[in-house]
Amino acid sequence: MPRERLSVVVTRRLPEPVETRLCELFDVSLRSDDSPMSRAELIDAVKTADVLVPTVTDTIDAALLGQAGDQLKLVANYGAGVDHIDVATARQRGILVSNTPGVLTDDTADMAMALIMAVVRRIPEGLAMMQQGDWDGWAPTALLGGRLAGRRIGILGMGGVGQAVAKRASAFGMQIHYHNRRRLHHEIEERLEATYWDSLDQMVARMDVISVNCPATPSTYHLLNARRLKLLKSDAVIVNTSRGEVVDENALTRMLRAGEIAGAGLDVYEHGHQINPRLRELSNVVLLPHMGSATREGRSEMGEKVLLNIKTFEDGHRPPDLVVPSML
């Protein structure tokens, strides 16, 4: 008699090949439209599913996990970040959590460099001028930006994405500096030609560009707070493709409006899609709708990792991308 298939609930629409493969392997409940599940729908899901496949738009907190049925044994997150999941509570209840690390490294690093170039070279301002029909022709002093070569970039978080940003920035002739929870091995530093700063305060005060590439954890919440942002040079630029909570968004907005920071490129925001409306009014700010992982290749590879984690779990083994509280 064939083994009963795992019950899997997917909270958002995923790329079609991923959904098709999930249906081939498991008893899957797919989302009919591309909208986040309501809280009530999430509660129903954890009460019935063996495996939940959430995304960053779902809050999997202690209260939700407290309503999970005994059959829920795996939360196979579609995404690398797990700050929206209470991993400690899940483990206490015997629920494993997996994620999809590594596959978005290059895509996110590409977006970080795109934002750096967009802000420093004032690309959106030029684009808006052309779209509005306001261009009267070339002028020697029009839309003057800056040259990337020779600028110092301070990378906050030197994991996979941070190192990928360093490689790209180095190719543009930028000088690589970084602050990290742990210093990199000297061979990696030499390969990246990177300078380590034990003091984040001292690093941010000397950089031309700050790239935020660290995860959101209790220790990184508002790591760039109002006091630390005031250490930035007035001609500095800050770019965030990691998590919005790392930066005090209100403080950043005030300083941008006051001209105390030259510009910012943001792909993530402190309160999800609820963006400080004053940010939208600023010409020196480039805002993107969380596009860092938005490549067909990256999203498909995320799905493949989800599939592998669930299938490995079903076969009675530890999911290869298991997340444990000590990692956070």
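The following conversation concerns the two domains of a predicted model and one pair of aromatic rings.

Biologist: Which residues belong to domain 1 and which to domain 2?

Modeller: The domain assignment gives residues 7–102 and 295–327 to domain 1, and residues 105–287 to domain 2. As the model is predicted, these bounds apply to a predicted structure.

Biologist: How far apart are the C-alpha centres of the two domains?

Modeller: The C-alpha centres of domain 1 and domain 2 are 31 Å apart.

Biologist: And how many residues are in contact?

Modeller: Seven residues of domain 1 are in contact with six residues of domain 2.

Biologist: How much area do the domains bury between them?

Modeller: About 450 Å² is buried between domain 1 and domain 2, and 32% of it lies on carbon and sulfur atoms. On the side of domain 1, the residues that lose the most area to domain 2 are Asp 83, Gly 102 and Thr 295, which together account for 69% of what that side buries.

Biologist: Which residue forms a salt bridge with Asp 83?

Modeller: Arg 243 does, with the closest N and O atoms 2.9 Å apart. One salt bridge is found across the interface of the two domains.

Biologist: How many residue pairs are in polar contact there?

Modeller: Three residue pairs are in polar contact across the interface. The domain 1 side that touches domain 2 consists of two nonpolar residues, four polar residues and one charged residue.

Biologist: Changing topic, how many aromatic pairs are in the whole structure?

Modeller: The search finds one. Tyr 178 and Tyr 196 form a tilted pair, 5.1 Å centre to centre, with 50 degrees between the planes.

Biologist: Which strands hold these two residues?

Modeller: Tyr 178 is in strand E7 and Tyr 196 is in strand E8, so the pair ties together parts that are 18 residues apart in sequence.

Terms used:
Residues are numbered from 1 along each chain as its sequence is written. This is a predicted model: local features need pLDDT of at least 70, side-chain atom pairs count only at pLDDT 80 or more; totals for chains, interfaces and linings use all residues. Side-chain values use heavy atoms; hydrogens and water are left out. Domain bounds come from an automatic or database domain assignment. Contact means heavy atoms within 4.5 Å. Buried area is the accessible area (1.4 Å probe) that two parts lose on being put together, summed over both. A salt bridge is a side-chain nitrogen of Lys or Arg within 4 Å of a carboxyl oxygen of Asp or Glu. A polar contact is a pair of N or O atoms within 3.5 Å; within protein, one must be able to donate a hydrogen and the other to accept it, and residues adjacent in sequence count only if both atoms are side-chain atoms. Ala, Val, Leu, Ile, Met, Phe, Trp, Tyr, Cys and Pro count as nonpolar, Asp, Glu, Lys and Arg as charged, and the others, Gly among them, as polar. Rings of Phe, Tyr and Trp (its six-membered ring) pair if their centres lie within 6.5 Å; planes under 30 degrees apart count as stacked, over 60 as edge-to-face and the rest as tilted. Helices (H or I, at least four residues) and strands (E, at least two) are DSSP runs, numbered from the N terminus.
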